[in-house]
Amino acid sequence: MELLQHWLATAVVHGLDGHRIRQLCQHLELAALIRLPASTLQQLGLTAKQAQLLCYQSQPWVEQALQWQAESPQHHLLCFDDPRYPLLLKETPHPPAVLFVKGDAELLQQAQIAMVGSRSPTPGGRQIARQFAAELSTQGMVITSGMAQGIDSESHLGALEAGGKTIAVLGHGLRQIYPVGNRALAGRIVQQGALVSEYFPDVRARAEFFPQRNRIVVGLSTGTLVVEAALRSGSLISAHLAVQYNREVFAVPGALFNTQAAGCHYLIQQGAKLVTCVADILEERALFADNGLAKTEKNPEISLSEQQLLANVGDEPIATDQLAERSGMSVTDVSIALLQLELAGRVAVVPGGYIRVRSA
């Protein structure tokens, strides 16, 4: 508990992230660091304002956080040294010193994909976001977004409606909900996932907090999917952060004259992977190699739908659309199942489609 209080004290200071605190603690304990006089802290590189915050103004904030934690078993404080602190986020340049979590804190360690996009999407964009989120959820991915209006909210809803897990990273403290119209959605997310913030519970939303929030959305995730985005939008900031963090970027194309698709087209031109179905994302095997999605590599058992599909694959190449027609499955479901079968070594891609791999 004492160590947590020390980390909370540092979290009060804007500009002190987990890596910076670790650097400061190379030659002294964290407990000793927070007890140093302001003048010494300035000699270590803190600004006068930062030193004043840490020395004289941090305690009320620490007490607020501990009181919030005690209010519910669903309230969690994850300091940078907590084993539950997400490893992928630790790899980013400026990870928060402390994360405030309401819901399932263990979920932050699971494989996540960020979904971002316009706050004013087209009806088609809303449908795509829900469908992709639902299908990715059924493949075991946690859907992570920022609970803003538009694509963010649709992505969370798609995961929830599919019975999946979702994480919302907020640009304010967890005693607040913004936008107010998402109160019901936030309640559902707590039951099937988690709300996450780097801000103390009573901190209200401010415009400058949302770009900061984006770095956590992207940092938690193995890849970022942009569904609809204008050329000047926060979603492009998220995509650029993903590139900086060496994470995959996926973009859904749209109509040529749809301004809400212009950002996606720009990202594709810059090297983002164009995706038209979930199978396009699942093809990036490296993305899922260590997170349990590629189940068939370790588990020779295949699902009933995959068995049904396999029965229609022989020694002659057969195309995906033909398999969909024969099996009565959608092209998307067939593509996903074929990927799993390929990973399992049951089918192979050849010119003209897929063939069955016979055991020796």
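**A pocket and a core between two domains**

In this predicted model, domain 1 (1–71) and domain 2 (106–291) both give residues to the lining of the largest pocket, so the pocket lies between them. The space inside comes to about 660 Å³. As for what surrounds that space, 24 residues line the largest pocket, and those nearest its centre are Ala11, His14, Gly15, Glu198 and Tyr199. Two elements give two or more residues to this lining, namely helix H5 (48–70) and helix H10 (209–219). H10 provides the largest share, with three residues. Sorted by class, the lining holds 14 nonpolar residues, along with six charged and four polar ones. As a general point, empty space of this kind shows up when a probe the size of a water molecule is rolled over the atoms.

The UniProt record, an unreviewed entry, offers another way to divide the chain. Its annotation "domain: Smf/DprA SAM" covers residues 1–67. Over that stretch the chain is 70% helix and 0% strand, and the C-alpha atoms at its ends sit 13 Å apart. A further annotation from the unreviewed UniProt entry, "domain: Smf/DprA SLOG", takes in residues 77–284. Here the make-up is 37% helix and 18% strand, with 33 Å between the end C-alpha atoms.

Next comes the packing inside the protein. In soluble globular proteins, nonpolar side chains tend to be buried together. The largest nonpolar core in this model has 77 residues, and the members touching the most others are Leu8, Phe100, Leu108, Met147 and Leu195. H5 supplies the largest share of this core, seven residues. Both domain 1 (1–71) and domain 2 (106–291) contribute to the core, so it lies between them. There is also a second, separate core of 23 residues, with Ile113, Met115, Val252 and Leu282 among them.

Helix H5, then, gives residues to the lining of the pocket and to the largest core. One residue of this helix is Ala51. Its relative accessibility is 0%, so Ala51 counts as buried. Ala51 and Leu41 are 10 residues apart along the chain, and their C-alpha atoms are separated by 5.9 Å.

A few spots in the backbone also deserve a look. Most residues other than glycine have a negative phi, and most peptide bonds are trans. Met147 is not a glycine, yet it has a positive phi of about 55 degrees. This residue sits in the loop between strand E4 (142–145) and helix H8 (151–161). Met147 counts as buried because its relative accessibility is 0%, and it is one of the residues that touch the most other members of the largest nonpolar core.

Asn246 likewise has a positive phi, about 60 degrees, without being a glycine. Its loop runs between helix H11 (234–244) and strand E8 (248–251). Is Asn246 buried or exposed? With a relative accessible area of 72%, Asn246 is exposed, whereas Met147 is buried.

Finally, the peptide bond from Tyr178 to Pro179 is cis, and its omega is near -5 degrees. Pro179 belongs to the loop that links strand E5 (166–169) and helix H9 (183–192).

Note on methods. Residues numbered from 1 in each chain as written. Predicted model: local features only at pLDDT ≥ 70, side-chain atom pairs only at ≥ 80, totals over all residues. Heavy atoms only, no water. 1 Å grid on protein atoms, 1.4 Å probe; cavity = no way out; pocket = protein on both sides within 12 Å on 5 of 7 lines; lining within 4 Å. Points joined across faces, edges and corners; volume = space filled by probe spheres on them. Helix = DSSP H or I, 4+ residues; strand = E, 2+ residues; numbered from the N terminus. Nonpolar A, V, L, I, M, F, W, Y, C, P; charged D, E, K, R; others polar. Domains from an automatic or database assignment. UniProt positions renumbered as here; feature names shortened; annotations may be inferred. Core = buried A, V, L, I, M, F, W, Y, C linked by side-chain atoms within 4.5 Å. Buried < 20%, exposed > 50% of the residue type's maximum accessible area, 1.4 Å probe, protein only.
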